[in-house]
Amino acid sequence: MGTPAADGRFGEFGGRFMPESLVPACLELEAAFTEAWADDAFRDEYARLLRDYGGRPTPVTECTRLSERLGVRVLLKREDLTHTGSHTINNVIGQALLTKRMGKTRVVAETGAGQHGVATATACAMFGLECVVYMGEVDIERQALNVFRMNLLGAEVRPASSGSRTLKDAINEALRDWVATVETTHYCLGSVMGPHPYPWMVRELQRVVGEEAREQCRAVLDGADPDYVVACVGGGSNAAGTFAGFVDTNAKLIGVEPEGGAAIGHGVPGVVHGSKSFLLQDEHGQVLEAHSISAGLDYPGVGPEHAHLSSIGRARYVAAGDAEVLDALQLLARTEGIIPALESAHAVAWVIRAAGTDELPAGSTVMVTLSGRGDKDAEQVMKVLDART
Amino acid sequence: MKLEAHLRERRDAGRKLLVPYVTGGLGDQWTEVLRAMADAGADAIEVGIPFSDPVMDGPTIQEASQRALELGATPAGILGELRGVDVGVPLVAMTYYNIVFRTGHRRFARSLADNGVCGAIVPDVALEELDDWGRAAADASVETVLLAAPVTPDDRLAELCRRSQGFVYAVSVMGITGERQSVAQSAGVLAKRMKAVTDKPVIVGFGISTPDQAVEAAAEADGVVVASALMRLLLDGAAPEQIGDAVAAMRRALDAG
């Protein structure tokens, strides 16, 4: 998982399919990030903020009771323990630092579940940046608490009322805002998607997850790497960061998509929001609405590097359905005292389903990135579980 | 019909160019709208092939696209309806890249040409990604119109004007399509910069809503694209003749200068 080609391609995926109005901004961002990422002072400041503000390093937790139950040895990389409660903080601290460095004063972002929106609002508050977060109307309803949090942090939440009124429409609105305000505004994209340099930049900003996890796993596993490394995939930022730390090991990399939004599982190559990747679309090229119980995963596309890793066979992408995700959430809560975000519960669900089968043989070691904590989803989960009984 | 040759000839005769837009598949009478536009003095017509996620478009065009999709519009269906519709001026398809990519570059280019469309605007294919589509379009004799923006730097603007075919589309403002109160100052500045590096027709679009605005926007440029104002009328239930009347008012204003 090195630097993409000059045109932003990971194999045949990626690129920069953007209206001319935004191409200069993408070029400026690419130059700014390339320069900053090579600058020790920037890297040091980023690392300092991740440590002192973000709460890094996050631990790796060995799940003894779950392991016993499943017959595989399960380790969790605890991104739920970061400030704001998910891996998204790693990305936004980096992009907020970059915004300052570029001399911009305003940030726009999109959010699905609200995690990226809350993280962006948090970083903007800390850096004194104006912050506008676009969120689909449906998601605003599902994630009222996160909307309140963003407002409390001083961000303005604007509803995206077009299309499916979820994450993809919030991205459309954020892009529209960015076109009109690009001189003063940085678009803080939340995942490893969008036009070059975003998929690369966001993966680099999330690389810390995988690099920490690799060292920590070696400490726990007597110098060995886990047999399997698993992470949930919507756009795929936590998975990209996680995989970056293990791509040159022998670990099998597993990305878990939501059943109703499995872009790699059910999609075909397409282009939306600036890059070529797998995409849920109809035979005419219209983008289909994705579905997931997790607002953070119901995106019809996936980051282009995941499409590439899948196509070269380095990572495998599987899907988990809503029901098994809810079961996984409850099992992890009851066996380990950890309530995962619905996103992360997808990764746990696959481990539970696959444990003891040929897919994940008994006795294997498996490291799962727990991308976020479940507080934000508690109300929604309560309603769904109530309706079940 | 050749797009650039046709527009050059008219421009060189001293005429300001008027390019109205219609969303393909928006209602039963959309091809009648084309005819009304041509009869009212359009020099070319943009036909939108709706896409589910039109990021460069504002609320009006998005609503038009959405409604057309709900009515069952498909790229092949829209192009099929154009077969045999000869309105006497060139037709330019406007769509987003995923529609082209999904159909296949060569197949899409051929289907434009086979159905009488001689130009294409694909706003999310910028210079860096132009090669594959550009080759397929050229092989099918479809001229690909490129967009220039107020933030496009000089060297890039020159390259963009060089590679654009048919005309060069000047995006008047940093923003999305939609009606605006006034013509942005950036429109004139950009058109002037483009005229300094190309003799291809330079046509300004985005936010041109009224005859007065058309005249103002065409002062430095060779003409205007008008889209949202006309689609608003159509969405509100205007008949093709009424769209024709609106285009005719623009025509009169441009002719009177």
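Trainee: What makes the strands 3-4-14-9-10-13 of chain A an open sheet with mixed pairing, and which strands are its edges?

Mentor: In this predicted model, where local features need pLDDT of at least 70 and side-chain atom pairs count only at pLDDT 80 or more, while totals for chains, interfaces and linings use all residues, six strands follow that order. Two strands pair if DSSP finds at least two bridges between them, and strand 3 (60-63) and strand 13 (315-320) of chain A are called edges because each pairs on one side only. Residues are numbered from 1 along each chain as written, chains are lettered from A in the order in which they are written, and side-chain values use heavy atoms, without hydrogens and water.

Trainee: How do you know that strand 4 and strand 14 of chain A pair?

Mentor: Six bridges join strand 4 and strand 14 (residues 365-370) of chain A in the parallel sense, and the definition asks for at least two, so they count as paired; A:L75, for instance, has A:M367 in strand 14 as its bridge partner.

Trainee: Why is A:S86, in the loop between strand 4 (73-78) and helix 4 (88-101) of chain A, called buried?

Mentor: Its relative accessibility is 2%, and buried means under 20% relative accessible area (exposed over 50%, partly exposed in between; 1.4 Å probe, protein chains only), so A:S86 counts as buried.

Trainee: What makes the approach of the side chains of A:S86 and A:Q115 a polar contact?

Mentor: The distance is 3.4 Å, and a polar contact is a pair of N or O atoms within 3.5 Å, where within protein one must be able to donate a hydrogen and the other to accept it, and residues adjacent in sequence count only if both atoms are side-chain atoms. The side chains of A:S86 and A:T88 are likewise joined by a polar contact, of 2.7 Å.

Terms used. Helix = DSSP H or I, 4+ residues; strand = E, 2+ residues; numbered from the N terminus.
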